[in-house]
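Thanks for coming. I will take a few minutes to walk through one structure, starting with the whole chain and ending with single residues.

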Amino acid sequence: MIKVLMVGATGKYAGLVVPALEHRGVTVRALVRHGSKSDAARRQGAQEIAIGDLHNPNSLRAAAAGVDGVFHLNPAFAPQEAELGVAMVEAARASGVRKFVFSSVIHPSISKLSNHAAKQPVEEALYESGMQFTVLQPTMFMQNLDSGWSAALKQGHFSLPYSKYMKASYVDYRDVAEAAAMALTEDELG
Ligand SMILES: NC(=O)c1ccc[n+]([C@@H]2O[C@H](COP(=O)([O-])OP(=O)(O)OC[C@H]3O[C@@H](n4cnc5c(N)ncnc54)[C@H](OP(=O)(O)O)[C@@H]3O)[C@@H](O)[C@H]2O)c1
């Protein structure tokens, strides 16, 4: 049976990967920063809990010990976002993890947007890690629209802080989660 360490199991988006993995019979070990989040991770479907923090490499190596795969997403706009992601890649490699799935972002080479540029060092670390890896580069998450939806219905219009001529598209993160689960259960891992 495949076992996967999940970063973000209690998160709004990454949390959607847990049921997708569970559906494929994967044992999920959730990385949580505080024991108080353990119940939330278990409710989401995690069977094991590892207490750790992306700021603490020792805790990441311990959390990744004995798992086949890692799912990782960088916490949004975290200071030192890139370093936190690279630390997870290095810990996974040191612990002998075979497959790493990184939920990155579309166009990580956009240097003017820190939340895009911070993904590039993590992708580069994966290329050099020797692990099997899949990098997912999703566009804007459709779930972002939830917060403004009821106001839009009341006001009769829906506005976004972008030019209406900007080319953009949305993805439902449940589809990203499905792709992540597929990548983590490919034959080579089983
Ligand atoms: N929104 C979009 O449209 C969009 C589009 C493309 C890409 N992205 C990218 O997707 C990511 C989404 O981030 P999010 O934070 O909103 O996702 P999220 O799914 O809500 O996940 C946040 C998770 O990260 C955990 N976490 C935070 N800091 C941690 C740390 N130091 N160590 C271990 N775990 C930690 C949180 O745990 P706790 O429970 O302990 O807080 C939580 O479970 C970002 O990298 C963003 O750039 C977003």
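**Walking through the model**

Leaving aside its neighbours within four places in sequence, Ser103 is in contact with Ala14, Leu73, Leu136, Pro138, Val176 and Ala180. I put that residue up first as a sample of how the chain meets itself, and I will come back to it. Please keep in mind that this is a predicted model.

Now the overall picture. The protein has eight helices and eight strands. Its C-alpha trace spans about 50 × 35 × 35 Å along the principal axes. How does the radius of gyration fit with a compact globule? For 190 residues such a globule would have a radius of gyration near 16 Å, and the protein has 17 Å, so the two agree. Of the 190 residues, 36% count as buried. If we take the contacts with a separation of 6 or more, 69% of them are between residues 24 or more positions apart.

Next, the interior. As background, nonpolar side chains in soluble globular proteins tend to be buried together. In this model the largest nonpolar core has 49 residues. Val4, Met6, Val17, Val70, Met88 and Ala180 are the ones with the most contacts inside that core. Take Met6 from that list. Not counting residues up to four places away in sequence, Met6 touches Ala14, Val17, Val18, Val28, Arg29, Ala30, Leu31, Ala46 and Phe71.

Next to Met6 in the sequence is Leu5, which is placed in strand 1. Is Leu5 buried or exposed? Leu5 has 29 other C-beta atoms within 10 Å, and the cut-off for buried is 20 or more, so Leu5 is buried. Beyond four places in sequence, the contacts of Leu5 are Arg29, Leu31, Ala50, Ala63, Ala64, Val67 and Val70. Leu5 and Ala46 are 41 residues apart along the chain, with 9.5 Å between their C-alpha atoms.

Back to Ser103, as promised. Ser103 sits in strand 5. Ser103 has 24 other C-beta atoms within 10 Å, and therefore counts as buried. One of its contacts is Ala14. Ser103 and Ala14 are 89 residues apart along the chain, yet their C-alpha atoms are separated by 8.6 Å.

Pro19 makes a contrast in distance. Pro19 belongs to helix 1, residues 17-23. Its C-alpha atom is 31 Å from that of Leu153, which lies 134 residues away along the chain. Pro19 has 15 C-beta neighbours inside 10 Å and so counts as partly exposed.

Two helices are worth setting side by side. Helix 4 runs over residues 81-94. Its 14 residues, at 1.5 Å a residue, should span 20 Å, and its end C-alpha atoms are 20 Å apart, so the expected span is met. Which residues of helix 4 are buried? They are Glu81, Leu84, Gly85, Val86, Ala87, Met88, Val89, Ala91 and Ala92. These buried residues pack against strand 1 (3-7), helix 3 (57-64), strand 4 (69-73), strand 5 (99-103) and helix 6 (120-127). Just after helix 4 comes Gly96, with a positive phi of about 80 degrees.

Helix 7, residues 146-155, is hardly covered: among its 10 residues, the count of buried ones is zero. A glycine with positive phi follows here too: Gly156, just after helix 7, takes about 85 degrees.

Positive phi also turns up away from glycine. Phe77 has a positive phi of about 50 degrees, and for Gln80 the value is near 60 degrees. Phe77 lies in the loop between strand 4 and helix 4, and Gln80 is found in that loop as well. Phe77 counts as exposed because it has 9 C-beta neighbours inside 10 Å. Gln80, with 12 other C-beta atoms within 10 Å, is exposed.

Last, the ligand. How many residues surround the ligand? There are 26, and the closest are Gly8, Gly11, Tyr13, Pro75 and Ala76. Strand 2 (27-32) and strand 7 (140-141) are the elements that give two or more residues to this shell. By class, the shell has 14 nonpolar, eight polar and four charged residues.

That is the tour. I can take questions now.

Methods:
Residues numbered from 1 in each chain as written. Predicted model: local features only at pLDDT ≥ 70, side-chain atom pairs only at ≥ 80, totals over all residues. Helix = DSSP H or I, 4+ residues; strand = E, 2+ residues; numbered from the N terminus. Expected span 1.5 Å × (residues − 1). Contact = placed C-beta atoms within 7 Å. Near = placed C-beta within 6 Å. Nonpolar A, V, L, I, M, F, W, Y, C, P; charged D, E, K, R; others polar. Core = buried A, V, L, I, M, F, W, Y, C linked by C-beta atoms within 7 Å. Rg over C-alpha atoms; globule rule 2.2 N^0.38 Å.
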